[in-house]
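Please open the model in your viewer and keep the sequence panel beside it, since the stops below are given by residue number. At each stop, make the selection before reading on.

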Amino acid sequence: MRRVTALLIAAAMVATAGANVPDGGGSGWASPGLVGGGGWPFTSVPLSPDQGDGASYLPGSSVVRLADGRVRLMPAGGETPITVDPSDPRVARAVRSDNAWLASGGVPTGGPDPATGADRGYRDMAARALLDLRLLTRPNGASLASWYAQWRYCWPRDSAFAVAAFTVTGHPAEARRVLRFLARAQNESGMWAARYNPDGTAVADGRAPQLDSLGWVLWATWFFSVQARSSDARWDMPGDLWPMVLRAADHLSRTLDAEGLPPASSDYWERDHRRERDPRRPTLGVVGPVLAGLRSAADLARTRGESAKAAEWRRAAQRVSDAVARQFAPYGYPRSPVPHGSMDTSVTFIAPPFAPADATVTAAIAKAQARQKLPNGGVLPGEGWSGNPDVAWTPETALFGLNAAASGRTDEAATWLSWLSANRTSIGVLPEKVGATGRPAGPAPLGWTASIVLLGLTAIERPLPVPPP
C-alpha cells in the first residue's frame, strides 16, 4: 500500500509539474541533438551519446558527420536513421533539401556589431534553431516541445511561439500549419487542453487547462496576420482561423472578474495555481499573455471590419490593463500581486514585443534579472523557484534577451544571446537547461527556446510588431 501511495503521489507531481520534471531514465536524455534529413515528412531521432563526441552537422542541414567521417541521416520518407559513406548520393540530396528550405526564407543573425562592424557569430545558432523547430513540427502542425518522453507533446503556448518564429523567418506555410492544428484542437468553449499528443488528441493526465495559452495563441495569430499584411496588402486572415480567434477572445472577455482579472490558472511554470503566493488571483504569467491576446484579437477584429467585436475586446483589454496598474504595479510587478512578491520572467510579458514600453516595467525587468541570475550566467525562472537552484533555464534567459532586443537594448540582448550560443550542446543545439558547470541539464532541442532565440535575433535586425493598446 505504501508503494502504491508513493507511486500515486509521484504521478500527481508529474501531472502538475510538467516539463519541470526531468526524464530520469530516458535513453535519449543525454543526446546532443536530433538526426534528420531532407524530404517530406520531416522525421528525426536523437543522436546517441556515444556518437555525439566529435560529431557535427553538415552546414545548413540536419545531417550529422560522425567523428569517424561517416554520415548519419534520416533518408527521405524513412523513420530509421542510416549511417553511410559521405559519398552516398542520399547525403548530398538531404543537405541540398535542408539548404533550400533555409534559403526559401531567411536566417536572422542579429546584424553586424555596430562597434566593430564584425559579424556577431549567431548565424549557426539561428540556422540550427530553425532546422530543429522544423524537425519538431509534425506534418499535421503539432509543434512538439522536444523529442523525449513527457516533452514529446504539443503545448499551445510553445506552439504560439513556433508560429511567430516561422513567421519572422519567412516560412508562412509552417506557421499556418501550426495555427490550423491549434484551430482543430480548440474546444467549443474556446479553451485548449494543457497539452496534446502528436496526433492532436488531448493528454488526459489530470492537468488542468492553462489560461495563458489563449492569450499566446491570439497573439501569435495576430503576429502572423500583421507580418502577412505587411508583405501583401490584399492578404486576409484565413477564414478557418477567425472562429478560433472568436471563441478564444470571447472566452477571455467573459471570464474577467469584477477587478478585470482573468481566473487563477497554471502558467508557464506548470505549477498548480493553489501553490502561488495569492492562490485567488492569477499570476503575471497568466495576466500578461491575456492582455496581449485581447489586444491582438481586437486588432484582428478591426482589420476584418468586425467593429462590434473590436470594441468589445478592446474594452476587455483595457480592464485587464487597468487591473495590472492597480494590482501589480504598486508592488513592482511581481509574479503574484502581493507585498514583497517574488519576481519572475513573466514581467517580460507586459513589455516589448508583447506590450508597449513602460519605464516602470523596464525597471522591474532589470530587478528580476538581477535576482534570478545564476553564477553560470543564465537565469532561474523566478525567485522562489522550487527546482534545482543551480540550473539555468534557457527559455527564461532567451525571454530576457528578446525583451532587450525588442526594446533597443542591443548590447544587453547580445549578452544573453551570446550566453545561449556558448551553452549549446556539443553539436550546437539549444537545450532546455544548463547546469552549474555549463553542461546541458535538460532535453535538446527545446522548441520554445529555439523560437524565442529566432525572435530575439530578428528583433535586433528590425522592429517586431507590438499589439496596439
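In this predicted model, begin by selecting residues 242-255, which form helix α8, together with residues 307-327, which form helix α10; their axes come within 10 Å and cross at roughly 40 degrees. Because angles from 0 to 180 degrees count as oblique when they are not under 35, over 145 or from 65 to 115 degrees, α8 is oblique to α10. Looking at how one helix passes the other, you will find that the crossing of α8 with α10 is left-handed. To display the contact itself, show the side chains of W242, V245, L246, A249, D250 and S253 on α8, and those of K309, E312, W313 and A316 on α10. If you colour this contact by class, six of its residues are nonpolar, one is polar and three are charged.

Next, turn to the interior. In soluble globular proteins, nonpolar side chains tend to be buried together. The largest nonpolar core here has 117 residues, and a useful selection is the set with the most contacts inside it, namely F161, W192, W219, Y333, F354 and L455. Which helix gives the most to this core? Select residues 284-304, helix α9, which contributes eleven residues to the core.

Now centre the view on F161, and leave aside its neighbours within four places in sequence: the residues in contact with F161 are then W216, W219, F354, L399, W448, S451, I452 and L455. Another core, of eleven residues, lies apart from the largest one, and V35, A55, L66 and V429 are among its members.

The following stops concern the backbone. Select P352 and P353, which are joined by a cis peptide bond with omega of about 5 degrees; P353 sits in the loop between α10 and α11, the latter covering residues 359-372. A cis peptide bond also joins A444 and P445, where omega is about 0 degrees, and P445 belongs to the loop that runs between β8 (433-434) and α14 (447-461).

Move on to A149, in the loop between α4 (123-136) and α5 (156-168), where phi is positive, about 30 degrees, although the residue is not a glycine. Is A149 buried or partly exposed? Its relative accessibility is 42%, so A149 counts as partly exposed.

Finish at Y333, which lies in the loop between α10 and α11 and, without being a glycine, has a positive phi near 60 degrees. With a relative accessible area of 9%, Y333 is buried, and you have already selected Y333 among the residues with the most contacts inside the largest nonpolar core.

Definitions and conventions
Residues are numbered from 1 along each chain as its sequence is written. This is a predicted model: local features need pLDDT of at least 70, side-chain atom pairs count only at pLDDT 80 or more; totals for chains, interfaces and linings use all residues. Side-chain values use heavy atoms; hydrogens and water are left out. Helices (H or I, at least four residues) and strands (E, at least two) are DSSP runs, numbered from the N terminus. A crossing is left-handed if the near helix is turned anticlockwise from the far one by less than a right angle, and right-handed if clockwise. Contact means heavy atoms within 4.5 Å. Ala, Val, Leu, Ile, Met, Phe, Trp, Tyr, Cys and Pro count as nonpolar, Asp, Glu, Lys and Arg as charged, and the others, Gly among them, as polar. A nonpolar core is a set of buried Ala, Val, Leu, Ile, Met, Phe, Trp, Tyr and Cys residues joined through side-chain atoms within 4.5 Å. Buried means under 20% relative accessible area, exposed over 50%, partly exposed in between (1.4 Å probe, protein chains only).
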